Amino acid sequence: MGVAYIATASPGGGTVTAKNVVSADDATARGEARLAELARERVDFRFKGLPPQADGLTVAELAERRLNLFTDGFTTPVLALSAERLEHNLALMETYATRHGLTFAPHGKTSMAPQLFWRQIEHGAWGITLAVPHQVRVAREFGVERIFLANELVDAAALRWLAGELDSDPSFRFICYVDSVRGVELMDAALRAAGAGRPVDVVVELGAGEGARTGARTEAECGAVADAVAASSTLRLVGVAGYEGEVPRADGERVRAWLRRLVALAVEFDGAGRFAGLDEIVVSAGGSAWFDAVADVFAEIPELGGAPVLKLLRSGAYVSHDDGHYRHLTPFNRVPEEGALHPAFRLWAQVVSRPTAEQAFVNAGKRDAAYDLDLPEVQVVRDARTGAVRDATGVAVTGLSDQHGWVRTEPGATGVEVGDWLGMGLSHPCTSFDKWQLIPVVEGDGTVVDYVRTFF
C-alpha cells in the first residue's frame, strides 16, 4: 500500500445486500483512505511527548518539519522508535520466513498500528494475526485482506459483524481457532442467525499441555471438535494450529515434541478426509521465542493428500524487539548465523529529583513504560547542559510508581543531575506500544521522520 499515515477504526458490518458487495480493490481503497485520514489528523493535547507548539498542525505537516527529538520542543517522557532498527527487523524476518519456506502472518496485537501492519505486508507478510474482535475491526478498516484470529470467537455480536464483512467482500480471508464442541455450536447458531452467506474458516487448536492456555487437550477431543465443525452449516475446517509458547517447562525438546503432535494431527485429519475439497491446508504456530523450532518441525511436514500446506508462522514481537524478555529469548541467540534482531524502542525521561547521592527520580512510570516482565533498562544519559550522550554505567531503575521511575546510582557512576535525560530500553513490546497513541519514528541523529498511530 505504501502509505505512511493511519487513522482510527469505525464500526462496520450490517445487513448485506447485493449493492454493498465490495471488491479487493474497494477494500484496499478504503484502507488507503483511512491511512490518509491520519495524515490530516490534528496534533493536540491527546498525544503525550509532542511539542506543545505543534498543536494545530496535521501529522503530515509535523512529519515534514523533521524536528529533532532533543532540541525541538518534545517533552518528557517520550517514547521513540528507531527508523533504522525498525526497517532492519522487518527485512530480517521477511528473509527468515522466505529462507525456511514459511508463510508469515505476524501478530498485530503487538503494535496495533495499521501503519506497521502495512509495512509488514509490504515485507512479504501473508496477512496479519490478531487476538480479539476489536483488533480485527481495526485491521479491516485499514484494508487488511487476510486475518488469522489466534483465539476462539464465540461472541454473537462479533460473529454477526464478521458475517457481514465476509459476505460483502469476497476477497476477505479470515481464519480463527475452535477448541470445543460448545464453541462450535455457539458459532454456528450465531452465524445462522446472522444469515451468513460464506462459511467461516476455522482451525482446531491443539492445547500445548496440561495447565497451558486454550486449546483441546487431546487428539480425541480435537477429533470431536472437527466432527462438530463438519456437522455445522456455517463453518469450514481448514487446518490445525496452536501456540508452542505455552508448552509447560518449555525447552527445545519439549517444544519440538508438541509441534510434532500438531503436525501429526494434521496428517491424521487429512487421512480421515477432513480436508477434502480445500485449496490449501493450514498448519500454524509460532510465537517470538521458538520460531526456530517451528521452522525445523514444519520443514518435516509431509505431503498431504488433500491439498498443499500453508505453513503459517505468527511471531509478532520482532517488529520492535526489546531490551529485556525477548532479547534473552529470541531464537536468533541459538542460530546467530541467521542474523539478529535489534531493539528499536527507547524511552526518554528527565531527571526531576536527586534527593541523595544514590537516588534519583525520573518523570516516567507505569503509565509510560512496560513493566510486566522487566523494569526499564537505563542505557544512556543525555547531559542537560551540553547535549552530550554517554553510557549510563552504574545507573539502574529499581522501581516504578504511576508517574515516577525510581533510579539508583552506584558509587562512582557517571554523574546524573536534575534536568538530564535518561534513555531507557524496554522489555515486552506488547505492553510498550499500548501506552502511546502517537510514537515518533526517529533516525540515529534524533531527526523525527514519521509518527506511528496505535489503536488499543
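**Exercise 1. Cysteines**

Determine whether Cys 222 is buried or exposed, and establish how many disulfides the structure contains.

*Solution.* Step 1. The relative accessibility of Cys 222 in this predicted model is 0%, so the residue counts as buried. Cys 430 is likewise classed as buried, because its relative accessibility is 11%.

Step 2. A disulfide requires two cysteine sulfur atoms within 2.5 Å. For Cys 222, the closest cysteine sulfur belongs to Cys 176 and lies 15 Å away, which is too far for a bond.

Step 3. Under this criterion, the number of disulfides is zero.

**Exercise 2. The nonpolar cores**

Identify the residues with the most contacts inside the largest nonpolar core, and state which helix gives the most to it.

*Solution.* Step 1. The largest nonpolar core comprises 125 residues, and the most contacts inside it are made by Phe 148, Phe 174, Val 200 and Phe 298.

Step 2. The greatest contribution to this core comes from helix H9, spanning residues 252-271, which supplies eight residues.

Step 3. Apart from this core there is another, of 21 residues, including Leu 38, Val 59, Val 78 and Val 442.

Step 4. Phe 174 may then be examined individually. With neighbours within four places in sequence left aside, its contacts are Val 136, Ile 147, Leu 149, Leu 153, Leu 162, Leu 166, Val 200 and Asp 201.

**Exercise 3. The parallel sheet**

Give the strand order of the open sheet of eight strands, and explain why one side of S2 and of S3 is left without a neighbour in the sheet.

*Solution.* Step 1. The order is S2-S9-S8-S7-S6-S5-S4-S3, and the pairing is parallel.

Step 2. S2 (103-104) and S3 (128-130) occupy the edges; each has a single partner strand, so one side of each has no neighbour in the sheet.

Step 3. As an example of pairing, strand S8 (residues 281-285) and strand S9 (residues 309-313) run parallel and are joined by five bridges. Within this pair, Ser 284 has Leu 312 of S9 as its bridge partner.

Step 4. Helix H5, residues 133-141, lies across S3, S4 (146-152) and S5 (173-178), and runs at about 175° to S4.

**Exercise 4. The hairpin**

Describe how S14 and S15 are connected and how many bridges join them.

*Solution.* Step 1. S14 (residues 395-400) and S15 (residues 405-409) run antiparallel, with five bridges joining them.

Step 2. One of the residues paired across the two strands is Leu 400, whose bridge partner in S15 is Gly 405.

Step 3. The two strands, S14 and S15, form a hairpin, and four residues lie between them.

**Exercise 5. Backbone geometry**

Locate the cis peptide bond that involves Pro 77, then state which of Arg 249 and His 428 is buried and which is exposed.

*Solution.* Step 1. As background, most residues other than glycine have a negative phi, and most peptide bonds are trans.

Step 2. The bond between Thr 76 and Pro 77 is cis, with omega about -5°. Pro 77 belongs to the loop between helix H2 (59-64) and strand S1 (78-82).

Step 3. Arg 249, although not a glycine, has a positive phi of about 50°. Its position is in the loop between strand S7 (235-241) and H9. Because its relative accessibility is 62%, Arg 249 counts as exposed.

Step 4. His 428 also has a positive phi, of about 80°, and is not a glycine. This residue lies in the loop between strand S16 (421-425) and helix H12 (430-433). With a relative accessible area of 13%, His 428 is buried.

**Exercise 6. Salt bridges**

State how many salt bridges the whole structure contains, and characterise the pair formed by Arg 192 and Asp 188.

*Solution.* Step 1. The search of the whole structure yields 32 salt bridges.

Step 2. In the bridge between Arg 192 and Asp 188, the closest N and O atoms are 3.0 Å apart. The two residues are four apart in helix H7 (residues 181-193), and therefore about one helical turn separates them. Arg 192 is partly exposed at 49% relative accessible area, whereas Asp 188 counts as buried at 12%.

Step 3. Asp 44 and Arg 46 form another bridge, with closest N and O atoms 2.8 Å apart. Asp 44 is partly exposed at 22%, and Arg 46 is partly exposed at 35%.

Step 4. Glu 410 and Arg 408 also form a salt bridge, at 3.8 Å from N to O.

Step 5. Finally, a network of salt bridges links Arg 30, Arg 140, Glu 145, Glu 165 and Asp 169.

Note on methods. Residues numbered from 1 in each chain as written. Predicted model: local features only at pLDDT ≥ 70, side-chain atom pairs only at ≥ 80, totals over all residues. Heavy atoms only, no water. Core = buried A, V, L, I, M, F, W, Y, C linked by side-chain atoms within 4.5 Å. Buried < 20%, exposed > 50% of the residue type's maximum accessible area, 1.4 Å probe, protein only. Contact = heavy atoms within 4.5 Å. Pairing = 2+ DSSP bridges. Salt bridge = Lys/Arg side-chain N within 4 Å of Asp/Glu carboxyl O. Axes fitted to C-alpha atoms, helices over the stretch in contact; angles between N-to-C directions.
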